[in-house]
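Hi there,

Here is the structure I promised to pass on. Have a look at it first, and my notes on what turned up follow below.

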Amino acid sequence: MRPSAGGEPLHYAYLHGFASGPHSYKGGLLARALDEHGVHLHRPDLNVPSFERLTVTGSLAAIDAVDRAVAAGGGRWRLIGSSMGGYLAALWAAANPGRVDSLVLLCPGFGITERWPKLLGEEAMAAWKRRGTIDWPDGEGRVRPLHWAFVEDARRYPPEPEVPCPTLILHGTRDDVVPVETSRRYAASRPHVSLVELPDGHALLDVEGEVVAWTLRFFGLSPSTGGVR
């Protein structure tokens, strides 16, 4: 927790991506960086109730649970979301506009149900639906049978949630999972959303130092170089 300029408590959380978990490398990297500034980064497990039974609805419920446990006494959130976690951060912020101060979205996975047929192929999608599961490595690399209900549940939600607060998107120009054009289009039509393009792929691991630096600047935890907020 960290107070805002007006004295309001600010809470920070990292929302991991699909087939990842709370102990991901990127989450740990950001947690250590924020810890140096006296900020604790909450890292909830969004694989609720399990990776095999994962749904967007379940993940949002996990964020709700953290909010109740951490921020019951007041304050707002600063959320960092990676890939699907970025999409979830945007969804949660849109549903809880008074609870979120700002967002940092790392290659946010907008349009999730529209992209999957392109990534997997129509035949694989049809087989997944027919069998009811698809084998997929979880956050620890163990192959699990992910249920088809993940897709059906995700279709209930808007592909591009309307974020209600200042938002920074960091997106790799060589991203072959979520094309950078997705974030370009999203930021172009929303004046409160800033986009920084980085020369990397979806994981952003080759530019991890820049990811940390931009995040700290945006949250006002290190000297700003301008250009955002």
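Helix α2 (residues 56-70) packs against helix α3 at an angle of about 65°, and their axes are 10 Å apart. Axes here are lines fitted to C-alpha atoms, for helices over the stretch in contact, and angles run from 0 to 180 degrees between N-to-C directions. Helices (H or I, at least four residues) are DSSP runs, numbered from the N terminus. The crossing of α2 past α3 is right-handed, meaning that the near helix is turned clockwise from the far one by less than a right angle. On the α2 side, the contact is made by Val56, Ser59, Leu60, Ile63, Asp64 and Asp67, and on the α3 side by Met84, Leu88, Leu91 and Trp92; contact means heavy atoms within 4.5 Å. Seven of these residues are nonpolar, one is polar and two are charged. In this count, Ala, Val, Leu, Ile, Met, Phe, Trp, Tyr, Cys and Pro are nonpolar, Asp, Glu, Lys and Arg are charged, and the others, Gly among them, are polar.

A word on the source: this is a predicted model, where local features need pLDDT of at least 70 and side-chain atom pairs count only at pLDDT 80 or more, while totals for chains, interfaces and linings use all residues. Residues are numbered from 1 along each chain as its sequence is written, and side-chain values use heavy atoms, with hydrogens and water left out.

Now to the interior. The largest nonpolar core (buried Ala, Val, Leu, Ile, Met, Phe, Trp, Tyr and Cys residues joined through side-chain atoms within 4.5 Å) has 43 residues, and Phe18, Val56, Leu60 and Leu103 are among those with the most contacts inside it. Helix α3 (residues 84-95) gives the most to this core, with eight residues. Apart from it lies another core of 27 residues, including Leu198 and Phe218. Leaving aside neighbours within four places in sequence, Leu103 is in contact with several residues, among them Leu79, Ala89, Cys165 and Phe218.

You may wonder about the cysteines: how many disulfides does a search of the whole structure find? The search finds zero, a disulfide being a pair of cysteine sulfur atoms within 2.5 Å. The sulfur of Cys107 is 19 Å from the closest cysteine sulfur, in Cys165, which is too far for a bond. Cys107 is buried at 1% relative accessibility, and Cys165 is buried too, at 3%. Buried means under 20% relative accessible area (1.4 Å probe, protein chains only).

Best wishes

Notes:
Buried means under 20% relative accessible area, exposed over 50%, partly exposed in between (1.4 Å probe, protein chains only). Helices (H or I, at least four residues) and strands (E, at least two) are DSSP runs, numbered from the N terminus.
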